[in-house]
Amino acid sequence: EALREKKNTLAFLHNKKASALDGLIDFYEKCRLAKHEAKNYYYQLDKVELKKKSNYLQLLKDAIDKLDMKAEHTQSANIRYYLQLLKIDYYQQLKKYKLAEQAVHELFRVLDNPSVFVKIRFAYASLLLSDIQLMQGQFANAAVTAYEASNDFYPNRANCSLALENQFYAC
């Protein structure tokens with residue numbers, strides 16, 4: 001919207017079209033739509049009833065492939081955030097925990113970007129990592145990671161309870 005206003009102002013003040021901004025406006029509009037698409041994929045595929053369907057892995061893989069292309073095209077940290085969450089789920093479903101762990105570490109790198117960093121997201125990534133560490137039998141690491149996650153969640157909320165549960169299982 002800000003670029004459109006700038007374009008219209010330039011056109012009005014200088015009595016000419018500010019067509020140089022058209023490409024930029026189109027690009028950012030595509031980025032905005034791609035971000036919403038990424039978010040929708042994540043929230044649609046995160047539904048429990050969908051995870052029980054036999055084609056869930058294929059749906060997940062298709063979403064990952066589409067978001068991979070969009071992330072490459074837009075270089076959007078927001079899209080990469082949702083992409084990594086889907087990859088983590090995909091690898092966990094396949095019981096490929098090393099790949100899931102790599103995806104979590106990539107998620108931490110994405111969260112280094114201030115445009116996506118939120119303390120709760122960081123804590124959630126830590127919770128995911130503790131889940132994976134539990135599945136790999138890394139109980140000491142899982143306990144520490146879950147403890148760190150629980151400190152960043154709001155008390156008495158579901159994710160805090162899950163972090164406490166992971167601490168329990170790790171000990």
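**Helix 8 and its surroundings**

Tutor: Let's start with helix 8, whose buried residues are Ala142, Ala143, Thr145, Ala146, Ala149 and Ser150. Keep in mind that this is a predicted model.

Student: What do the buried residues of helix 8 pack against?

Tutor: They pack against helix 7 and helix 9.

Student: How do you know that the span of helix 8 agrees with what its residues should give?

Tutor: Helix 8 covers residues 139-152, which is 14 residues, and at 1.5 Å a residue they should span 20 Å. The end C-alpha atoms are 20 Å apart, so the span agrees.

Student: Over to helix 9. Why is Ala170 called buried?

Tutor: Ala170 is found in helix 9, residues 158-170. Its relative accessible area is 10%, and buried means under 20%, so Ala170 counts as buried.

Student: Which residues does Ala170 touch, leaving out those up to four places away in sequence?

Tutor: Leu134, Phe139, Ala142 and Ala143. Two of those names, Ala142 and Ala143, are on the list of buried helix 8 residues. Ala170 also has Asn141 at 8.3 Å, C-alpha to C-alpha, with their places 29 residues apart in sequence.

Student: Why is Cys171 called exposed, and Cys160 buried?

Tutor: Cys171 has a relative accessible area of 81%, and exposed means over 50%, so Cys171 is exposed. Cys160 has 8% relative accessibility, and the limit for buried is under 20%, so Cys160 counts as buried.

Student: How many disulfides are there?

Tutor: The count is 0. The test asks for a pair of cysteine sulfur atoms within 2.5 Å.

Student: Now helix 5. What makes its length close to the expected one?

Tutor: Helix 5, residues 77-93, has 17 residues and reaches 24 Å from its first C-alpha to its last, against 24 Å expected at 1.5 Å a residue.

Student: And what makes you call helix 5 mostly covered?

Tutor: The count does: 13 of its 17 residues are buried.

Student: What is found at the start of helix 5, and just after it?

Tutor: At the start, a side-chain oxygen of Ser76 comes to within 3.2 Å of the backbone nitrogen of Asn78. A polar contact needs its N or O atoms within 3.5 Å, and this pair is inside that limit. Just after the helix, Lys95 has a positive phi of about 60 degrees.

Student: Which residues have the most contacts inside the largest nonpolar core?

Tutor: Tyr81, Leu86 and Leu107, in a core of 34 residues. Helix 2 (20-45), helix 4 (56-74), helix 5, helix 6 (97-111) and helix 7 (119-135) each supply at least two residues of this core. Helix 5 gives the most, with 9 residues. Apart from this core lies another, of 6 residues, among them Ala123, Leu127, Phe153 and Cys160.

Student: What does Tyr81 touch, not counting residues up to four places away?

Tutor: Leu107, Val110, Leu111, Val116 and Arg121.

Student: Helix 6 next. Why is Glu101 called buried?

Tutor: Glu101 has its place in helix 6. Its relative accessible area is 13%, and the cut-off is under 20%, so Glu101 is buried. Beyond four places in sequence, Glu101 touches Leu129, Ile132, Gln136 and Gln138.

Student: And how do you know whether Val104 is buried or exposed?

Tutor: Val104, also a helix 6 residue, has a relative accessible area of 0%, so with the limit at under 20% Val104 is buried. Again past four places in sequence, Val104 touches Ile88, Ala125, Leu128, Leu129 and Ile132. The C-alpha atoms of Val104 and Lys87 are separated by 8.8 Å, with the two residues 17 apart along the chain.

Student: Stepping back, how many helices and strands does the protein chain have?

Tutor: There are 9 helices and 0 strands. Buried residues make up 37% of the 171 residues. Of the contacts with a separation of 6 or more, 54% come from residues 24 or more positions apart.

Student: Which element has the lowest mean pLDDT, and which the highest?

Tutor: Helix 1 (residues 2-14) has the lowest at 56, and helix 6 the highest at 98. Over the chain the mean is 86, with 84% of residues at 70 or more. Where pLDDT is low, the predicted coordinates should not be read in detail.

Definitions and conventions:
Residues are numbered from 1 along each chain as its sequence is written. This is a predicted model: local features need pLDDT of at least 70, side-chain atom pairs count only at pLDDT 80 or more; totals for chains, interfaces and linings use all residues. Side-chain values use heavy atoms; hydrogens and water are left out. Helices (H or I, at least four residues) and strands (E, at least two) are DSSP runs, numbered from the N terminus. The expected span of a helix is 1.5 Å times one less than its number of residues. Buried means under 20% relative accessible area, exposed over 50%, partly exposed in between (1.4 Å probe, protein chains only). A polar contact is a pair of N or O atoms within 3.5 Å; within protein, one must be able to donate a hydrogen and the other to accept it, and residues adjacent in sequence count only if both atoms are side-chain atoms. A nonpolar core is a set of buried Ala, Val, Leu, Ile, Met, Phe, Trp, Tyr and Cys residues joined through side-chain atoms within 4.5 Å. Contact means heavy atoms within 4.5 Å. pLDDT is the predictor's confidence in each residue, from 0 to 100.
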